[in-house]
Every structure is written in C-alpha cells, then in structure tokens.
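Good morning, and thank you for making time for this presentation. Please have the sequence and the structure open while I speak.

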Amino acid sequence: LSQFLLSGNLHGGSVVASYPYDDSPTHRPTGVYSKSADDEVFKYLAKAYASHHPIMRTGKPNCPGEEGETFPDGITNGAQWYDVEGGMQDYNYVWANCFEITLELSCCKYPPTSELPKEWDNNRESLLAFIEKVHIGVKGFVRDAVTGAGLGNATIVVAGIAHNITTGKFGDFHRLLVPGTYNVTAFLMGYTPVTKENIEVKEGDATEVNFSLQPTVLPPAPNATQLTAASAPVTAITPTTVQAEAPNPPSDHQPIQPVDFRHHHFSDMEIFLRRYANEYPNITRLYSVGKSVELRELYVMEISDNPGVHEAGEPEFKYIGNMHGNEVVGRELLLNLIEYLCKNFGTDPEVTDLVQSTRIHIMPSMNPDGYEKSQEGDKGGTIGRNNSNNYDLNRNFPDQFVHVTDPTQPETHAVMAWLKSYPFVLSANLHGGSLVVNYPFDDDEQGIAIYSKSPDDAVFQKLALAYSKENAKMYQGSPCQDMYPTEYFPHGITNGAQWYNVPGGMQDWNYLHTNCFEVTIELGCVKYPKSEELPKYWAQNRRSLLQFMKQVHSGAWGFVLDAVDKRGILNATISVADINHPVTTYKDGDFWRLLVPGTYKITASARGYDPVTKVVEVGSQGAVQVNFTLSRTDSKVEMGKVLVLNTPDTSNPNEKEFETLIKDLSAENGLERLLLTSSRDVAPYRYRPYKDLSEFLRGLYLNYPHITNLTSLGQSVEFRQIWSLEISNKPNESEPEEPKIRFVAGIHGNAPVGTELLLTLAEFLCMNYKKNAAVTKLIDRTRIVIVPSLNPDGREIAQERGCTSKIGQTNAHGRDLDTDFTSKAPETKAIMENLILKQDFSLSVALDGGSLLVTYPYDKPTQSVENKETLKHLASLYANNHPVMHLGQPGCPNKSDENIPGGVIRGSEWHSHLGSMKDFSMTFGHCPEITVYTSCCYFPSAGQLPSLWADHRKSLLSMLVEVHKGVHGIVQDKSGRAIPKAAIILNEGLRVYTKEGGYFHVLLAPGFHNIDAIASGYQQKHVKVFVHDDAPSSVFIIFDTENRIFGLPRELVITVAGASMSALVLTACIIWCVCSIKSNRHKDGFHRLRQHHDDYEDEIRMMSTGSKKSLLSHEFQDETDTEEETLYSSKH
C-alpha cells in the first residue's frame, strides 16, 4: 500500500471542514463530539483549510433550508454534526498512517458550469495551504544500530497520544503533530526501545528525529549481502564523473565480486534493478519491453557509457534469462553480472573497456510468472516452466520448418518487438537442466534428432566454444552423470537439433528474422538449486559470461554511405559470398557481421544504388573495419537527361532539424525511443459506447483547445454524430504545405478495437504535446484527422467477446458501409463529401477487425494497380512495426493455416468487393489508403485492449512519420506565381493535383521516380527524383510559357494570324473604295434620292466604319481570348 500521510476527501452539500471521528459508540444521529486521540492535530488541519476559504471561515454557509446552521471557525467534529458509520476518513486514521478530513465545498452539490470559476477562486488557496501541512510534525529513520539497515514496520509512539504509526520498508517515518514539545519512542520486536525526550515541534517543516535500535540478541556478523541489500535506500551512492575515467589499476588489481547471492522473487528483483539504476545512472538505464500474462514487467537493464543512445559503430549485445520459469540459475547470474559490471566500471580495465565499447542489454527474467510458481530444490521438474497461460515460451516463436499453432504469448510478443527495435548483434539465452552451449538450428524439416546446419555453422561453433572453454566442467562434455550418464557433448557444445528437436525456439528466430546471432546456454544439471549453491555458479560462469560478450567484437564492421551526401544508408544489405545469410545496416549505415578468421568477399547493396564488393581479411584479434560508399544507380546517365532532385532544402535550420527527427524516428529503435521518452503512455482499459466516446472527444477538445478541433461530418441513420477530431498546431487554419493524414475506424460496428486505438492515440498525442519534443514537432508539422467511429449505430448493438459475431457489422439500414461508397448511405456520404473529396490528404489509414494483416488497394478485382510498390511499401511499414503482423501468420482460429507473406496483401486478393472506402479514396480522393485488421477477434474482451495498444502504437506512430516522406513539391511560373491544380503525373500513371500555393505532396516507395507536371498554357516539365526511405525529397518546378498553340508552334501561329489580319484589312479597304467609286459614277442616276443624300452618306459611312470596327473588334477579341486563356491556364 502507498504510505499516504495526509488526505482530503472532497464533498458537497454544505461549506465546512469535518474531522474524525465521524460516528460515536452510541450512534446518536447528532450532537455527540466523538474525539480522536489526535483531536488537536485534526482541528489544526481543518482550520488550515477553512481559514483560507472566504465562505467556510465565516462558519455560516447559509445553505438553502439550513440558513441557521453555524460551524465555529468553519470546522466541525464529524459525529457532532451528524453520525456517519463506515466513513472513509475514520478508516484512514484507524487502519493506516494517514490523517484525513472531509471537506464540504458548496451548498449546491452539482452547480452550473458557470459557477465553477468562482468555486476555484474560493478553494484555490485552501487546497494549497492544506497540502503544505503534510510537512508538519516529526520525521526520520529507524535503523539497526549494528548494521545501519533501515527497520521497516517499527512502531513510533508519541507520549500522551494513543495513536501510533509504523515505519516504511526503509525505516522511514513521518508523524503529524501540532507545534509543542513531545517525547517520542521507537520500538520493534527483537530490539531495545529508544525514547527521544523534549523534542520541539515548531510551525512549518517537521523536526528530524532518527533512532538507532540495538538488537536484544546480537546476530552473527552479517554478510555483505545483508548489509548491501538492506541499507541501500539509506546509503545510496551517486557516482561522480571521476568514476567514469577508468584509471590504470595496479597489476595485482582484483575486481570486486558480487555479494548478493540469493534467490530474487519478482519484487526483490525489481528493487535490485531499480537500486542499481539509481546508484549508477551514468552507465545504466532500466526499461521494460512489455508485460507478462500476469502483468509483471519484463525488465531490461542497459549498461553502457552512454545509456539510452545507440552510438554509431558500437555493437549491441543482450543476455536473456529465466525463459523457463523454473530454470533460475541464469536469472541470478544475470543479476550478479549487473552488480559486477556496475561496481567494477572505472576501476577494472576489462569491465571498463567492455562497457565503453559495447551497448549491453540484460533481461534477467523473460518468464517472471513461471518463476513465482516454481519451487526451490527442483532438480528436473516442470512446475513453473511454462508461462501463466501454460505455454512453453521456447516453443512459441514462428518456425522455419513447422507451423506453430499455439497463440503467440504476451512475453513472446514483447521480446520479438524488442528484438526488432534494437540492432542486436550477439545474444545468449540462459537455461538450466544440463551443462552445454547449444547453437542453431534447433530443429529440422524431418523433425528428428539430426545435425541441422545453419549457413553460419562455423561462426556458431566458435561462439559456443568461447563460452564453454571458460567453464571447466562444461568443457569436459559429460555434465550430468547421475541424471544422464550416457550424454556427452564434445568440448561442451552441441548443435540444437542434433541434441533434440525444438520447433518454435527463440535462438533460431533471432538468426532468421534479425541480425542477431543467438545461442542457448544450459548452466547446470539442477534447474532450481538451493541458494547456498549460487556463489559456485557465479565462480564457474563469470569468465564465460565476459568472454562471450567480447565475441560481439569479432568479424567485420563498418558503415555504408551515400556517395553524394555521405549519409548512412539505412537497411542496406551486407552479403558474404558463399554464406547465405545477409545482415542489414542500422540508421547511421553502421553494420556488424560476425565471422571466423579468413578471407571473404563482402558486398554492400541498397535499393537504388550500385552494389560494391570488397575482399576482406578477418583476423583472430578483434573485428576489422570495412566501409562502403555506394553511388546511385544510373546517376551519371540520368543527370544528363533530366533534373534529378534528391533532398529537401535544408538551408533553414528548422527544416534541417525536422529532417533529422524524421530520420531518427525512421531508425529501427526510433519509435521505441519516442515511446520511452514520452512523458507518459496511456492504455485503453474499456470500450466506450457512443455517449462515452462523444464525451471523451469533447474532453480532449476542451482540455487541448489550441491543438484540437472537434467537428461533426454528419449523422448516422439513427442520428448519431460522425465525429472528426483534428490535431494540429493550427487546427482551424489552412496549411496546404503540411501533409495531412486521416485515421478512420469503426466502419464495421462489430469491430471497435480500432476505435479505442484511435482514441488512445489522440490522447497520447495531446498529452505529450509540449512535453515530448518529437511528438510536439510531429503535431506542429502535420495535420492529423481522426474519425474514430464511422458506424456508431452498429457499434451500439455489437457485443463484447463476439469474436466472430456479425451483429453490428452493418449500419441501421443493414448496409455494409465498406461496400457503400457508391450508393451513399448517410455515414458514407458524410465522410465522402466532408473529407475524402476535398482531395487534400496524403495518406489514409483505416482500422478494421477479424484478422491480423494489412491490405492495400484495390479491393475491387483489377488487372493492374498503379503505384503498387508504394502502396505495398506503406502497408509493409505498418506491418513491420507490429511485433507479429509482419510474420504473416495471423493464426486466427477459423483460419489457422492462413499465410500472408509479410503480413500484407492486396485487398482484392484477400476479400474482393466493390464500393470500398479505400478504392473510393484512391480513385476520387487521390489519396492512398491502407486497411489494418487489428486482431483476429472482432470484439475481444476489454482486458486485451492494453496489449493491443502496445502492439499497434508503434505502427500508428510510424504512419505519422511516413506521411512526411515521399516527395514534397511547389509548382510556380517564372514570375514566382504559384500554380494550383496543375497535374502531377507519377511514373506515367498515378495523378495528383497541386493545392493552393502550388503545393503538392505524394508518398512514394524508396528509389527513383519520374514526375511529369502539366498545366494548361505552360510547357510540360519532366523531373526525376530519388526518394529516401528515411527522409523527404523536395521538387521545385518552374513552368515556362507554352510554346505551342492548337498543337502548332507559337511562331507559325502568330505569323499566320498576322498575315490573315493584313489580308482582311486590305480587303476591307478595297470594298470601301469600290463602293465610293460606284457612288460617284451613278450620282446623276440617283437624282431622285438627292433629297436623302445626307442620310445615304451617313449610311455608307456607318457601313464602312462598321466593317473596320468589326474587323478590329475581332482582332481584339482574339487577343483578349488569348490573354484570358493564358490567365485561366495560370490559375489552373
């Protein structure tokens, strides 16, 4: 239980501070003052609150119906006011060390919202004043006078006050008292009591009083283990910078050996790990990779000279213990190893060099639940071997030869995700039950005991021997004569499958799915030896543990760099000729490839680059460094043909900083680090029906108004709102230059997991804004739109634990909304018209249920898919950040044999259908959309939500990072005027359009891509761009005025138009002259019209000038049309 000292219980219905006791022995309804032993303290505390409250301190609340009720000084004894049986404040005082009072804050129990500011003003100073009173009285420690260890549960007695308190587990205590003089006694069974007299307590901070109790019978001289463990909280040592300097020790230097030899149950182990993380913060970092079935943390202690950071070129190593809960020696050895490394860093050269050159990760217990069930003395039993779901964790990993049908366990999930998050190079898995080092492969196709050779068999033998040679008994090869008299392992090592077949083992999964080489080490014949045997195990294995770690520095290592910008290339492939096992580079382009001594041809290759091969000589002492510089494929030829643009303009420091962030988050452990450094994570624990969902969204909007905007897209059939939450640093402003991402869930009401994941994502982002630098920058540079429930009507009737139930799948009219993006139900119409058809999204992610995979467009049957590589890349990115989705084996009960390579598949190849949201988004919204199927069960129990969030959070965050990649561009004319609605055609297929300001953004798979830009009235532009997998690329397109009119050269059209105009003018002049001559020649013949001469001349004049005007007008009209056409082209 938490050691609370002071508490306030806030109520309403009056304005008064009430203190214990709340009832009396007679239980009269009112008027009995029921005095506690600490009556003076309670009155002091109650007055501290009441005296700062403008109404309470008057003692006259004037509540309606109780106008005559008064409380002197604004306080009252509870029972004197009215008798309350079973009250919380009395329980706190009687059964705990906590002093609690009850505070009635207002006459009205549920006042209008408009009254809340006034209530805050009334109570603010009182709340603060009351909190300050937690520091009054006396405080200190009670320690053993001989060992100095803190004594927990000792009793603290104050003379004259019949209420005692007890010390905490470290011997700490704090006793609230009003100012005065006191005699205080500390006593504990087995110790002589000690009394300190005339202790003066003053107003303000507590008086410090410490007690040293003498044991009544002196124990034998305590061993160092007891001293260290017990006294740690009091005598914690904070290392200084001097500790890290590693002075040269004398030649006879002996390292400090561990003294903490005992079996550590989970709580004990947890304290041990926290203690060393606290005492050695300069070289340690304690973190958890997940939780067991029974929600115990899977702790890892990192030991490095720069904890929490991957240093470029530094290899990462791990030890895992206690995978089988009853095999405990590895667990205790790893705790010993932590102690040994911490205590010897800076003084022992071997340890110092190892810690400075290696990032070491130690997981003492992978199966803490099983350990708690196991029994000391177990020699060869199985109690506690499996996890709490009774599955063997070393048969639970995906296997290359056998389909593992058991459901993947939380511990397995967590470890696989962990291994995908760090660039581990070497590892050992510590077991018990024999004495041998076992190396891959652990099984074979036939399922029999036969040597199953991996491509790196020679390397594994060398690694195994490095351990066994340092353990004399292991190296002899006949470990357990009394148990297995015929068993023999030459030099203490064996191929796994040759010993016995283990399908689903962890060591093979490490080798096949990561860059990590892992062996399994059996540490002793007895699985759970007596604690007195533990020092012997440390003595036998200390040199082996250290020597094995050093093997991480063998073989070849180096960097793979881009020839142009000298940046490291992430996920470049390192291949060794004649060894069919490539490894990949990490975020800085750094790699490590374990090899035995010899000469090798090593090739570095990456997509979009020409491979480079080098001949490398690997020696027996340390690793050899080999660096590769790769040139982009066809870069020399292409540079001469078209403009090749690769990187964004980073002249702006903010742009450079953001590009660095995107690169860091794209690295294998980048998102893991973001989660570890977030101010706090959140986890869903229940499902929210429509009313709760609406209130939750409104709560986010009201609590984070500067970065959220809540709107309704429309209503469902049953008139529920289709909510849309935008998260951005400027949620109500248009920012066309920023990428926009859409998350949609609940299209099927019977699959609400996606809804809860998106609500949790929204809260996580909001909570970490301005708290976590990475989250803050992502929100500042991204427009995030979340539609958590597209089918709220279906959700309302869906049933929890309905894993296969279709109840709630459709809307209230029985329509499957994912087939309705043609007929427009109210729900689909709302999102189509208000989001999709705005055509301003760069990426959309839809969350559904019923399997564990990602589909990409199209859902409709189609022969070809434009931009397929990009769509598949986006889907794969989500799957690869999920701990098991990328394995391609959803393992759903109704389809246990389903295999989806990489966990991604085109929608039409999985479940083909028409009218889907992703197809509509692609065709009419010009936005790529992927659909994530979050779990096999449509509506799993709420208890599974925390683990589902843990599985999907990295994938969801990876989408926020990915939306910043691809190609960002601006289209302008030569005058610098932006050209919106210009067509951007990608790879002669996919088409998008520029937005306001001439901006466009399109996601593309890494590699070279062709871009054609077209706008009416301008010459078509063609550029080639290289897209990085960890950074955005920028394109700046400047249009020239179109040089063709009606498909003909502009010069020809102008010449013809000029000639035609001249001919028309000449013709008009001739006609006018002819008319004039005829008029003169026949003047006499028209004598009858002489009287109308003036009118006639006017008519001729008007005809002549009219002809000229119409011709000129036509010419001007042509010119005007050309100008208008040009202007229109510029605008569109």
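I shall go through several strands, a helix and a number of aromatic contacts in turn. Please bear in mind throughout that this is a predicted model.

Let me begin with strand β23, residues 573–576. Which of its residues make up the covered face? They are I574 and V576, whereas T573 and S575 belong to the uncovered face. Strand β23 has antiparallel pairing with strand β24, residues 579–584, over three bridges. Within that pairing, V576 stands opposite I579 of β24. The hairpin formed by β23 and β24 has two residues between the strands, and D578 there takes a positive phi near 75 degrees. Strand β23 also pairs with strand β26, residues 598–605; the two run antiparallel and are joined by four bridges. V576 appears here too, with I602 as its bridge partner in β26.

I turn next to a sheet elsewhere in the chain. It is an open sheet of three strands in the order β42-β39-β45, and its pairing is mixed. Which strands lie at the edges? They are β42, residues 999–1002, and β45, residues 1033–1039, each of which pairs on one side only. On average, neighbouring strands of this sheet are turned by 20 degrees against each other, with direction ignored. Strand β39, residues 967–973, pairs with β45 in the parallel sense over seven bridges. One position to look at in this pairing is V967, which stands opposite S1033 of β45.

Now to a helix, α7, residues 329–344. How far apart are its end C-alpha atoms? The distance is 22 Å, and this agrees with expectation, because 16 residues at 1.5 Å a residue should span 22 Å. As for its surroundings, α7 is mostly covered, with 15 of its 16 residues buried. The helix is followed by G346, which has a positive phi near 95 degrees.

The remaining part concerns aromatic residues. How many aromatic pairs does the structure hold? There are 40. I take two of them as examples. The ring centres of F173 and F211 lie 6.1 Å apart and their planes are at 50 degrees, so this pair is tilted. F173 belongs to strand β8, residues 172–175, and F211 to strand β13, residues 211–215; the pair links distant parts of the chain, 38 residues apart. Both F173 and F211 are buried.

The second example is the pair of F1008 and F1026, which is edge-to-face, with 5.0 Å from centre to centre and 65 degrees between the planes. Because F1008 lies in strand β43, residues 1007–1014, and F1026 in strand β44, residues 1021–1027, the pair ties together parts that are 18 residues apart in sequence. Is each of these two residues buried or partly exposed? F1008 has 23% relative accessibility and therefore counts as partly exposed. F1026, at 3% relative accessibility, counts as buried.

Beyond these pairs, one aromatic cluster is formed by F401, F441, F460, Y511 and F517.

Lastly, I come to charges placed over rings. The charged end of K536 sits over the ring of Y537, at 5.3 Å from the ring centre. A further case involves K740, whose charged end sits over the ring of F841, 4.7 Å from its centre.

That concludes the presentation, and I welcome your questions.

Definitions and conventions
Residues are numbered from 1 along each chain as its sequence is written. This is a predicted model: local features need pLDDT of at least 70, side-chain atom pairs count only at pLDDT 80 or more; totals for chains, interfaces and linings use all residues. Side-chain values use heavy atoms; hydrogens and water are left out. Buried means under 20% relative accessible area, exposed over 50%, partly exposed in between (1.4 Å probe, protein chains only). Two strands pair if DSSP finds at least two bridges between them. Rings of Phe, Tyr and Trp (its six-membered ring) pair if their centres lie within 6.5 Å; planes under 30 degrees apart count as stacked, over 60 as edge-to-face and the rest as tilted. A charge sits over a ring if NZ of Lys or CZ of Arg is within 6 Å of the ring centre and within 35 degrees of the ring normal. Axes are lines fitted to C-alpha atoms, for helices over the stretch in contact, and angles run from 0 to 180 degrees between N-to-C directions. The expected span of a helix is 1.5 Å times one less than its number of residues.
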